[in-house]
Amino acid sequence: MSKAKLTFDGEEYEFPVVEGSEGEVGIDVAKLRGATGAVSLDPGYGNTGSCQSSITFIDGEKGILRYRGYPIEELAEKVSFEEVIHLLVYGELPTQSELDELKEKLNEYAVIDEGIKDVLNGLPRTAHPMAMLSTAMSALETYYSTTGSSDEDILRVIAGTNTLAAYIYRYKEELPYVSPSKDLGVASNFLHMMYGRPDEDPDVDEVVAEAIDKLLTLHADHEQNCSTSTVRMVGSAHASLYASIAAGVGALSGPLHGGANQAVLEMLQNIQDDDGDLEKYVELAKDKSSEFRLMGFGHRVYKNFDPRARILKKSADEVLGALGKDDPLLDIARNLEQVALEDEFFVKRRLYPNVDFYSGIIYRALEIPTEMFTVMFALGRVSGWVSQWHEMRNDPAFRIHRPRQIYIGENGRSVQPISERGE
Ligand code: ACO
């Protein structure tokens, strides 16, 4: 493909067209302002590519998600979360010896400094776990590197998030901390630190550990979403990895992003308390005078279906079956999906269940408290964040991220003394 032509103010300009490996095309407007004096305006960045990346590919029309070329369906089925970490961070699935080495390092870095526990101990137990996680991540920086760009930092952030998540839960529940085990994988170690006893060997339910492992894989990366863009944005100022990840945690906590998984479960519970009146909630979501949205529905990129939601819907049945549990909220979720998918409002806007719609049902079956759902999302996504951060810092086209704006405020004026400004 050659050039894109723009006619502006009577002049014609040409811009290079960049083609990705999956045929995606972008018009390179890096020289737009210099050539024309104008900037591109794209609130919400729906049409803006902020970087070239070789980590994750999404085709929202076809419902495709791949990490480094591998389909999410295959990864969820065939590999462990540690293998996914290796794939995202280093670019390839590991050999057995590479995997062993990675696991060893993750277990080494899972041990966090006593001072971090003191930081957590100073926070109100009523605080939201995502606010605590962000605080604790910032605190990690004070103990380790200030540049945060080494392999050790990358793995410490991943392993540290796991430990911090469990510690936050234990602190809120007023339970003694359980140290990470040297012999477990990420998911099992998390469960051990959440539910084990400080003085006992790990005893982790395999079914639960496998379900968590799959959830971590499904949440691991999703190209330039809100939290990942935040991580890249903060890192672009050469702020440390820890500071960047702390900011990413903040972005993920929002209910329009990762916080939706908690909001979905609360919505399903409200529907149950309302005698299962689905229609009421569907009508409310369609009512433009209300701010209510069907949580877990819609996606900026997926306009067909979210492949992660499809995997999780099946997984919810399997996990509940394996644990011998029955959850009325799963029936409500299935019925709500059915009603919404047949309703013209949702069909026209191409609103389908997203990753957050079914994940909460699984977390609930695994007895993860609702407030911890978004932290579970962060446990997986942190592997994507560090990989994206690293790619950004090594990109030869790197520049500090600094968008422009179109100013629509007052024109230049001068300050009046306060005595002359009236009542
Ligand atoms: N319920 C009802 N209406 C919706 C919903 C929803 N969940 N999502 C979008 N719409 C409507 C909007 O009102 C809008 O209608 P209009 O065209 O008549 O004005 C139209 O669909 C398009 O919506 P936008 O907000 O423009 O879509 P956008 O791409 O900006 O937002 C988002 C995507 C934030 C995910 C949105 O669909 C939403 O708020 N969903 C609910 C929250 C949620 O589940 N978030 C998790 C997303 S996945 C993740 O981050 C991991």
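C51 is partly exposed, at 26% relative accessibility. I start there because the cysteines settle one point in this predicted model: the sulfur of C51 has its closest cysteine sulfur in C226, 15 Å away, and that is too far for a bond. Seen from the other end, the sulfur of C226 finds its closest cysteine sulfur in C51, again at 15 Å and too far for a bond. C226 also counts as partly exposed, with a relative accessible area of 47%. As a reminder, a disulfide is a covalent bond between the sulfur atoms of two cysteines. The cut-off applied here is 2.5 Å between the sulfur atoms, and by that rule the number of disulfides is zero.

Next, the ligand. How many residues surround the ligand? There are 21, and the closest are H257, R293, L294, G296 and R300. By residue class, that shell divides into 11 nonpolar, five polar and five charged.

Now the polar contacts to the ligand. R300, already named among the closest residues, has a polar side-chain atom 2.8 Å from a ligand oxygen. For K288, a side-chain N or O atom lies 2.9 Å from an oxygen atom of the ligand. N354 also places a polar side-chain atom 2.9 Å from a ligand oxygen. On its own the ligand has 920 Å² of accessible area, and the protein covers 75% of that.

Moving along the chain from N354, we come to helix α17. This helix takes in residues 355-365, and S359 lies in it. Is S359 buried or exposed? S359 is buried, because its relative accessible area is 0%. A polar atom of the S359 side chain lies 3.5 Å from the backbone oxygen of V355.

After α17 there is a loop that leads to α18, residues 373-393, and E367 sits in that loop. Phi of E367 is positive, near 65°, and this is a residue other than glycine. For context, most residues other than glycine have a negative phi. E367 is exposed, at 54% relative accessibility.

A second glutamate of this kind is E223, with a positive phi near 40°. E223 is located in the loop between α9 and α10, the latter being residues 226-236. With a relative accessibility of 22%, E223 counts as partly exposed.

There is also E174, which follows helix α7 and has a positive phi near 60°. As for α7, the helix runs over residues 151-172, 22 residues in total. From its first C-alpha to its last, α7 reaches 32 Å, close to the 32 Å expected at 1.5 Å a residue. How many of the residues of α7 are buried? The count is 20 of 22, so in the terms used here, where buried means under 20% relative accessible area, the helix is mostly covered.

Last item, the loop between α8, residues 186-195, and α9, residues 206-219. D199 lies in that loop. D199 counts as exposed, with 65% relative accessibility. How far apart are D199 and S179 in space, and what separates them in sequence? C-alpha to C-alpha they are 9.6 Å apart, with a separation of 20 residues along the sequence.

To close, two points to keep in view while looking at the structure. The ligand has polar side-chain atoms of R300 and N354 at the distances I gave. The two cysteines discussed at the start, C51 and C226, have their sulfurs 15 Å apart.

Technical notes
Residues are numbered from 1 along each chain as its sequence is written. This is a predicted model: local features need pLDDT of at least 70, side-chain atom pairs count only at pLDDT 80 or more; totals for chains, interfaces and linings use all residues. Side-chain values use heavy atoms; hydrogens and water are left out. A residue is near a molecule or strand if one of its heavy atoms lies within 4 Å of it. A polar contact is a pair of N or O atoms within 3.5 Å; within protein, one must be able to donate a hydrogen and the other to accept it, and residues adjacent in sequence count only if both atoms are side-chain atoms. Accessible areas come from the Shrake-Rupley method with a 1.4 Å probe; for residues, only the protein chains shown count as cover. Ala, Val, Leu, Ile, Met, Phe, Trp, Tyr, Cys and Pro count as nonpolar, Asp, Glu, Lys and Arg as charged, and the others, Gly among them, as polar. Buried means under 20% relative accessible area, exposed over 50%, partly exposed in between (1.4 Å probe, protein chains only). Helices (H or I, at least four residues) and strands (E, at least two) are DSSP runs, numbered from the N terminus. The expected span of a helix is 1.5 Å times one less than its number of residues.
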